[in-house]
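Below is a briefing on one protein model, grouped by topic. Please have the sequence and the coordinates open while reading.

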Amino acid sequence: MKRITQGAALITAGLITIAAAQKVTTPTIGIALAQTGNVALLGQEQVIGAKFAEKYLNARGGINGTPFKLVFQDAGGDENGAINAFQNLINKDKVVGIVGPTLSQQAFAADPIAERAKIPVLGPSNTAKGIPEIGDFIARVSAPIAVVAPNAVKQALKLDPKIKKVAVLYAQNDAFSVSETGTFQETAKAQGLSVTTVQKFQTTDTDFTTQVTAVLNSDADLAIISGLAADGGNLVKQLRQLGFKGLIVGGNGLNTSNMFPVCQKLCDGVIIAQAYSPAQPSAANQVFVKDYRAQYKKDPPQFAAQAYAGVQVMVEALRVIDRKKKLNTWDLDDLRVALNKQILVGKYKTPLGDISFDKEGEVIQKDFYVAQIKMKDAKNGSFVYLK
């Protein structure tokens with residue numbers, strides 16, 4: 001005898017009532033990003049990018065004439081925040097798919113929940129090794145750091161060919177930073193450089209005297225930092241304040257203008273590899289850049305562009321499905337499965353350029369960039385793209 005579970009059949013007064021499968025009324029996409037906590041400097045840019053996509057794509061017809069809705073859940077800056085956000089989006093908000101979370105560390109904890117529920121996830125900034133391999137329903141629009149990060153080290157060597165010694169610093173409590181520093185160290189050795197010291201810190205740290213002293217004592221010509229915006233910005237500031245004169249390469253976690261108020265004028269000169277440029281010539285990007293500049297009086301950052309692309313990919317995949325069978329006739333569970341399949345076979349013209357996915361959910365992207373921070377004053381600066 002099979003066990004009868006809730007949602008399958010209810011026995012009332014001797015009658016068996018089969019519970020109806022949930023239908024899709026308004027297509028709803030979940031957004032699980034860091035709106036609070038020590039990762040909010042990155043997550044806030046992503047929220048802006050997602051909202052830009054919602055406004056722009058709905059103004060142009062939504063999903064074949066039907067508006068879609070974004071539902072936001074604050075994933076905070078840790079694993080529990082991401083888990084709670086995913087659970088709410090899946091069980092309470094009944095979303096068709098999720099864009100998020102902000103950190104790879106969070107993705108390793110929360111993505112398996114979506115995988116078990118068979119709900120497609122697009123990581124907007126999860127670049128650590130192993131993210132798409134979490135499961136069949138996990139993909140990302142953020143290029144893996146193993147592809148992007150080496151460009152920054154190579155650019156530093158172009159700017160200063162005399163570099164021989166490298167100091168490496170990374171946040172040991174963040175999965176992405178641990179993955180990224182491995183790539184940075186491998187790249188440095190492949191370029192014939194000597195790694196003279198490797199220093200660990202926490203993303204919650206504010207005093208880096210011990211780490212900076214070790215860098216200075218190592219006589220390094222180049223410092224490479226893998227961390228987040230707040231800790232990374234403070235580390236840059238303290239390196240300069242205590243007398244480090246060499247070039248500084250920052251990882252993807254420092255790839256935000258929200259770091260400028262942290263290290264202020266001392267941010268100047270930091271080199272960062274990027275998967276996005278406002279100068280990317282596609283029509284999709286130029287519209288995005290124009291609207292972003294009009295509202296914020298500055299160029300859009302990578303984190304906003306990637307979140308925009310995540311929403312865009314889900315919407316365009318839903319459009320394809322809707323043309324074959326109207327979304328409001330689908331059962332929610334079946335639509336989630338169909339959406340996942342369509343995401344992986346589609347091709348998309350996004351602000352990042354043309355992207356698609358391999359069968360594992362890894363993004364296929366052609367264009368990458370390296371920028372150097374140029375500060376105008378204590379709070380304002382820009383990313384100047386280098387050739």
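Which residue with a positive phi follows H8? H8 is followed by Gly 243, whose phi lies near 110 degrees. The model is predicted, so local features need pLDDT of at least 70 and side-chain atom pairs count only at pLDDT 80 or more, while totals for chains, interfaces and linings use all residues. Residues are numbered from 1 along each chain as its sequence is written, and side-chain values use heavy atoms, with hydrogens and water left out.

**Confidence**
- The mean pLDDT (the predictor's confidence in each residue, from 0 to 100) is 93 for the protein, and 95% of its residues reach 70 or more.
- Over residues 1-19 the pLDDT is below 50, and this stretch has 12 contacts (heavy atoms within 4.5 Å) beyond near neighbours in sequence.
- Where pLDDT is low, the predicted coordinates should not be read in detail.

**Helices** (DSSP runs of H or I, at least four residues; strands are runs of E, at least two; both are numbered from the N terminus)
- Helix H8 covers residues 229-241, and its 13 residues reach 18 Å from first C-alpha to last, close to the expected 18 Å (1.5 Å times one less than the number of residues).
- Buried residues of H8 (under 20% relative accessible area, with exposed over 50% and partly exposed in between; 1.4 Å probe, protein chains only) include Asp 231, Asn 234 and Gln 238.
- Helix H12 has 14 residues, 332-345, and reaches 20 Å from its first C-alpha to its last, close to the 20 Å expected.
- Among the buried residues of H12 are Arg 336, Asn 340 and Gln 342.

**Thr 203**
- Thr 203 lies in the loop between strand S9 (194-201) and helix H7 (209-217).
- Thr 203 counts as buried because its relative accessibility is 10%.
- The Thr 203 side chain makes a polar contact (N or O atoms within 3.5 Å, one able to donate a hydrogen and the other to accept it within protein; residues adjacent in sequence count only if both atoms are side-chain atoms) with the side chain of Asn 173, at 3.0 Å.
- A polar contact of 3.3 Å joins the side chains of Thr 203 and Asn 38.
- Not counting residues up to four places away in sequence, Thr 203 also touches others, including Leu 228 and Asp 231.

**Rings**
- The structure holds 11 aromatic pairs (Phe, Tyr or six-membered Trp rings with centres within 6.5 Å; planes under 30 degrees apart are stacked, over 60 edge-to-face, the rest tilted).
- Tyr 348 and Phe 357 pair edge-to-face, 6.1 Å centre to centre with 65 degrees between the planes, and both are buried.
- The charged end of Lys 325 sits over the ring of Trp 330 (NZ of Lys or CZ of Arg within 6 Å of the ring centre and within 35 degrees of the ring normal), 4.5 Å from its centre.
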